[in-house]
Amino acid sequence: MADTQPDPSTQPELMNEDEPFFSNLDLFLFSLIAGLLIYWLIFRKKTEPIPEFKKLETATPTTRDTSFIDKMKKTGKNIVVFYGSQTGTAEEFANRLAKDAHRYGMKGMAADPEEYDMGELSRLAEIDNSLAIFCMATYGEGDPTDNAQDFYDWLQEGDADLSGVKYTVFALGNKTYEHYNATGKYVDKRLAELGAQRIFDLGMGDDDGNLEEDFVSWREQFWPAVCEHFGVEATGEESSIRQYELKVHTDLNMNKIYTGELGRLKSFENQKPPFDSKNPFLAPVTVNRKLNKGGERHLMHLELDITGSKIRYESGDHVAVYPINDTAIVNRIGDILGVDLDTVISLNNLDEESNKKHPFPCPTTYRTALTHYLDITNPPRTNVLYELAQYATDPKDQENMRKMASSSPEGKALYQSWVLESCRNILAILEDLPSLRPPIDHLCELMPRLQARYYSISSSSKVYPNSIHICAVVVEYETKTGRVNKGVATNWLKNKMPTDNGHKATVPMYIRKSQFRLPFKSTNPVIMIGPGTGIAPFIGFIQERGWLKEQGKDVGETVLYFGCRHKNEDFLYQEELEKFEKTGVLTTLNVAFSRDQAQKVYVQHLLKNSKETVWKLIHTDNAHIYICGDARNMARDVQNAFYEIAEELGGMSRTQAVDYIKKLMTKGRYSQDVWS
């Protein structure tokens, strides 16, 4: 039937006898499958037996690095002197106290609280006749120093039982600051609250007066009290005791010698972030210009390039720079002492258990030590004079040096007049005492470390993310002896030109964070008071307020009070400030030219002249007040001006006005970045 006839198109095609059994495609697929099968058979992951884990025999972790109790027991020490130090002075005092201990038949060690577990303080009573001494400096607005911050937090947050712990505190501060010796006072009070026993009264050192004299006077009374408390007597051993021994290197590879690095060897050649106080960044100087148009002083603006460093900063932060000493002073010291300054040496701690192996990076040369590591321009402290006295061949020189190191009224007066008031540094002392020729290694052991210098950053990272600006005045003055003393850092910076004989001039630097900050709300008005180089952070603040405006943000009133001597000489950043005022970024620019008229006019006078506006901004509009500059006179006078405005326009008594300003400080609405 027709309908049952198969359709030829659906019939399977009969194979031609000449065609191969497998097509090329079949062969390809077969080869691929075979290959994959072989690969699987050869390279397949074999089932791995589960290993039998045995408990590892691990050594008990050592606490040598963080346990000051274990270290004291191991080395037979019974006095530990902790220091909170920002500029090295508290550390220096701590070392002196630790060294004193041997004169009373005791053994002391200086300790950085940052390096130890301070929770172990409660164990101190395990050591017989033990004592903890705290040399605590105050920094900023009553804050602890960087290395004491964790210890300070532990005291605040902890509730340790310090029963049986005996202690005393010496505080270092400056009376011109609002929070004079706040950290030392707090540590003293808090230790007692936690049950520790104070064996001698809190010592108060004032750097605005004579910090060295304050320390020596306190120390002279402190040690007899220790003797009485512990029933010990002075051994009478007043001889100098060396802490380090000299090793001279004659065949050391030059690649193993420090040439100015602060931490890691060759860190200046091979820079690696993060950058901090022990690992500063070498920032190229891109701008170095004189700011003032006339006058005897030299005010300067520098710009440091931080491109590629990963360094971040905010307006109000400080830049720390590490300067070097004048080569002329270094060479003169070498000449007087008759030494080859290029001798490669190490000063090694005689106490092998000490964390501080050397007084500065070693091995190095005397030249590098005197240039990069040691403070040779400040007047030496009394302990240095005492230690060096033994090398004076003239009995009169020896007697006077020892007298200056004593606590007698005559000795104090002699030190005050001959050393401090005459601004004699170690070179001047060597020049004026021809019989004094100490071994240079002992001199290097006694000299304090050269410290970083801090400058308020005069730029905003919003506008200049890869650049940090500095505003500074070069320090230079004649002393009573007729010598010209020059500020170490400012004279060094003055000579840092962007290109020096074809080489880029660089500055070792890092950032120190600050609490000096613009208000969180940009709508808050700001009142900035900064005469002279105190204008530095406010240039950054104004730049940032301008940037915020460009971003479309509402920005409150921005008011500046600046002061200088003469309009035509030292009106710093005049063009920039007038442009900011013209464009409305700066609401009001008030400038006091102190010497352009018969009667001197300062920023505090301008404040009082605009008292109604100032009071409205503070009392009604929630303004934030910022003061930067001299702490001794300007900051105090400005604060008194605010008291007077609060009294007159707020109807307050002086006591109420003082409380009012203190409340502004507590709320973060009255901030100071001041120095003395």
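How many helices and strands does the protein have? The protein has 21 helices and 25 strands, where helices (H or I, at least four residues) and strands (E, at least two) are DSSP runs numbered from the N terminus. The model is a predicted one, in which local features need pLDDT of at least 70 and side-chain atom pairs count only at pLDDT 80 or more, while totals for chains, interfaces and linings use all residues. Residues are numbered from 1 along each chain as its sequence is written, and side-chain values use heavy atoms, with hydrogens and water left out.

Of the 676 residues, 49% count as buried, that is, under 20% relative accessible area with a 1.4 Å probe and protein chains only. Contacts (heavy atoms within 4.5 Å) with a separation of 6 or more come to 75% from residues 24 or more positions apart.

Turning to the interior, the largest nonpolar core holds 38 residues; such a core is a set of buried Ala, Val, Leu, Ile, Met, Phe, Trp, Tyr and Cys residues joined through side-chain atoms within 4.5 Å. Ile 333, Phe 360, Leu 370, Leu 374 and Ile 376 touch the most other members. Among the elements that each supply at least two residues are helix 7 (327–337), strand 12 and helix 8 (366–373), and helix 7 gives the most, with five. Beyond its neighbours within four places in sequence, Ile 333 is in contact with Leu 370, Ile 376, Ile 426, Leu 427 and Leu 443. A second, separate core of 32 residues includes Ile 527, Val 614, Ala 635 and Val 674.

Strand 12 also belongs to an open sheet of three strands, ordered 8-12-13 with antiparallel pairing; two strands pair if DSSP finds at least two bridges between them. Strand 8 (244–249) and strand 13 (364–365) are the edges, each pairing on one side only. Strand 12 (residues 344–349) is joined to strand 13 by two bridges, and Val 344 has Thr 365 as its bridge partner in strand 13.

Finally, helix 20 (residues 634–650) and helix 21 (residues 654–666) have axes that come within 9 Å and cross at roughly 115 degrees. These axes are lines fitted to C-alpha atoms over the stretch in contact, with angles running from 0 to 180 degrees between N-to-C directions. In helix 20, the residues that meet helix 21 include Phe 642, Tyr 643 and Ala 646, and their partners in helix 21 include Ala 657, Val 658 and Ile 661.

Technical notes: Buried means under 20% relative accessible area, exposed over 50%, partly exposed in between (1.4 Å probe, protein chains only).
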